Structures are given as structure tokens and as C-alpha cells.
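These exercises go through one protein chain step by step. Try each task on the structure before reading its solution.

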Amino acid sequence: MPMIFMWLGLVGAASAQECSAIDLDAEVEYAVGSVTDLDLDDARRVAEAAILNLGCLQRVADPQDLATLWQVLGASDVYDGNTAAAAPDFAQAAAVAPGFFNDRLGPEPRAAWEAAAQTVTGEVTLDVWPISGNAVLYIDGVIREERPVTLAPGAHLIQVAVGADVVFGRVITMEAGQSARVETGLPEPEREKPPVPLILGVVSALGAAGAYTGAVLIDRELAGYSAAGDADALSQARARSVTLGYAVTPALAVGAAAGITLHIRSR
């Protein structure tokens, strides 16, 4: 599968310094208001500028705000009498937030959006790496815990946030059947080290089981030594059995219990 790495509306590897931070809620509200006032050129201008700068958002985007931006573009074409031209923007809106339409844009654009949404088919696969242990991946404003992420074809906003702050943002456009891997440049998550008390507890438990088994096996040999009249071997075997069964096994069992208890209390 071909790999694609592209900022929407920008050519090449654009950086955060090449776009402007925006107030997405305010831009969406203004653009919708411009449509309802039939100031369609202004609506397009605001929506296109907001889409161009999505990668610079400093807060996680609302999925409905994202969809509304493309719906504004589609609605502007509908009110200009060019419904066919609106279909790609409405399909894009459906790919970002399936099932959502901003009803403030009116019934005629809604009908065109419903028709375009039926044309969204196929899947794309997106992997994002690395994501630090305290960071969260959002695609189109929705938390994504699975890797890789399966999405509808189209443009998608990738954001990695720590708390309320976005530390990585990019828009990537993919066609049906394509896969992509996006490198965030963030620190890789630290591998979780096995807790020492738990390790000691498990090792001690295994040791206790082994010691007890050894004592049982030695006890089975005692009858043979007794029947053979081998007093020295019988004495040594009894000593080993007592050591394993009454000293080593209990000591290891105590160690296992202590290790597991410390692990549970430390969580």
C-alpha cells in the first residue's frame, strides 16, 4: 500500500510555525452564520482558512465542528445552485463525523449531505507513533486507543494531547485502501518494568513448590533404603527430606507471600 504524509492544503512537510492558531468554535460559528446570511463567499473563506490551520489547533477539536467546516463549503455550493460540486465536501464531512449534520445550514444542504454520505465506502489504516505514556491520541476529535486505526477515506485530523494541550497536530488525506504511518517525534513510552516484590514472590513460590516436590520424591526413596539395610543412605535421605520439607519449603512460602503482599499494597 502506498504511504501518504501530507498537510491538508499545504505541500510538503509543513511545520506548526507555517500555520496560525485558531479558535475553532468561533470560526465555525462565524462560518455557519455567514451561510445563513447567504454571505457565501465569506463563509467559504472562513471555512477554508480554518481547514488549512487545523494542524495548529492548541486544543482537541470537536468532531462536530470539524464536520461543520466541510458542510459549510458544501452548503455554500448548494445555495449557489451547484449541488453536484457540494458532494465531495459533504462526503468528507460524513467521513469525519458519521451521522452528524449541522441543521442550521438548512434542509436543502442536509438532503445533499445525506446523498453524499451514502457514497463514502472503503477503509484506510493509520498508525501513529510514538505516543508517550501520558499522552492521548485523538483522530477527528475522538480518542483512539487501538493501533492501527481504521477510518473512512478522506482527510483526518491527528492530534496527540497531554491533558488539555495538543502537543502534535497534523491533517492527513488518504484514499480507500491506503495505509500510513505518522511519526510524531514525541518521546517513546517507557517500558513498564516488572515490579521487584512480585518477581521475588513468584520466584519464591516456584522455589517452594520445587522444594516440596523434592521432599516428596526423597520420602519415596526411604522405603528402598530401609529394605536394603543401607543405614547411611537412609539417614542422609531423611535429613534432606526434613530440610526441604520443614525448612526450605516454609521459608520460601513465607517469602512468596511477603513479595505478593508488598506488590498488592504498592499498587
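**Exercise 1**

Which residue in strand 7 is the bridge partner of tryptophan 129?

Solution. The model is a predicted one. Start at tryptophan 129 and look across to strand 7: the bridge partner there is glutamate 183. Next, take aspartate 127, which stands opposite arginine 181 in strand 7. Then take the two strands as a pair: strand 1 (residues 124-129) and strand 7 are joined by 5 bridges and run in the parallel sense.

**Exercise 2**

Place strand 1 in its sheet, and sort its residues into a covered and an uncovered face.

Solution. Begin with the other pairing of this strand: strand 4 runs antiparallel to strand 1, and 3 bridges join them. One bridge pairs leucine 126 with valine 149 of strand 4. The sheet that results is open, has 3 strands in the order 4-1-7, and its pairing is mixed. Strand 4 (149-151) and strand 7 (179-183) are its edge strands, each pairing on one side only. From one strand to the next, the twist averages 25°.

Now sort the faces. In a regular strand, side chains alternate between the two faces of the sheet. In strand 1, Val124, Leu126 and Val128 make up the covered face, while Thr125, Asp127 and Trp129 make up the uncovered one.

**Exercise 3**

In the sheet with the order 3-2-5-6, which strands stand at the edges?

Solution. This sheet is open, with 4 strands and antiparallel pairing. Strand 3 (142-143) and strand 6 (165-174) each have a single partner strand, so one side of each has no neighbour in the sheet, and these are the edges. For strand 3, the pairing with strand 2 (residues 136-139) consists of 2 bridges and is antiparallel. In one of them, isoleucine 139 has valine 142 of strand 3 as its partner.

**Exercise 4**

Check the length of helix 3 against the span expected at 1.5 Å a residue, and then describe its ends and its cover.

Solution. Helix 3 has 17 residues, which should span 24 Å at 1.5 Å a residue; the C-alpha atoms at its ends are 24 Å apart, so the two values agree. At the start of the helix, a side-chain oxygen of aspartate 62 comes to within 2.7 Å of the backbone nitrogen of glutamine 64. After the helix comes glycine 81, with a positive phi near 85°. As for cover, 14 of the 17 residues of helix 3 are buried.

**Exercise 5**

Which residues have the most contacts inside the largest nonpolar core, and which helix gives the most to it?

Solution. The core has 37 residues, and Leu24, Leu54, Leu69, Trp70, Val72 and Phe90 have the most contacts inside it. At least two residues each come from helix 1 (24-36), helix 2 (40-52), helix 3 (63-79), helix 4 (83-96), helix 5 (107-117) and strand 5 (154-162). Helix 3 gives the most, with 8 residues. Follow leucine 69 as a sample: leaving aside neighbours within four places in sequence, its contacts are Leu24, Val28, Ala47, Ala50, Ile51 and Leu54. A second core of 17 residues is separate from this one, and among its members are Val124, Leu137, Met174 and Ala180.

**Exercise 6**

What covers the buried residues of helix 4?

Solution. The buried residues of helix 4 include Phe90, Ala94 and Val96. Their cover includes helix 3, helix 5 and strand 5.

Technical notes:
Residues are numbered from 1 along each chain as its sequence is written. This is a predicted model: local features need pLDDT of at least 70, side-chain atom pairs count only at pLDDT 80 or more; totals for chains, interfaces and linings use all residues. Side-chain values use heavy atoms; hydrogens and water are left out. A nonpolar core is a set of buried Ala, Val, Leu, Ile, Met, Phe, Trp, Tyr and Cys residues joined through side-chain atoms within 4.5 Å. Buried means under 20% relative accessible area, exposed over 50%, partly exposed in between (1.4 Å probe, protein chains only). Contact means heavy atoms within 4.5 Å. Two strands pair if DSSP finds at least two bridges between them. Axes are lines fitted to C-alpha atoms, for helices over the stretch in contact, and angles run from 0 to 180 degrees between N-to-C directions. The expected span of a helix is 1.5 Å times one less than its number of residues. A polar contact is a pair of N or O atoms within 3.5 Å; within protein, one must be able to donate a hydrogen and the other to accept it, and residues adjacent in sequence count only if both atoms are side-chain atoms.
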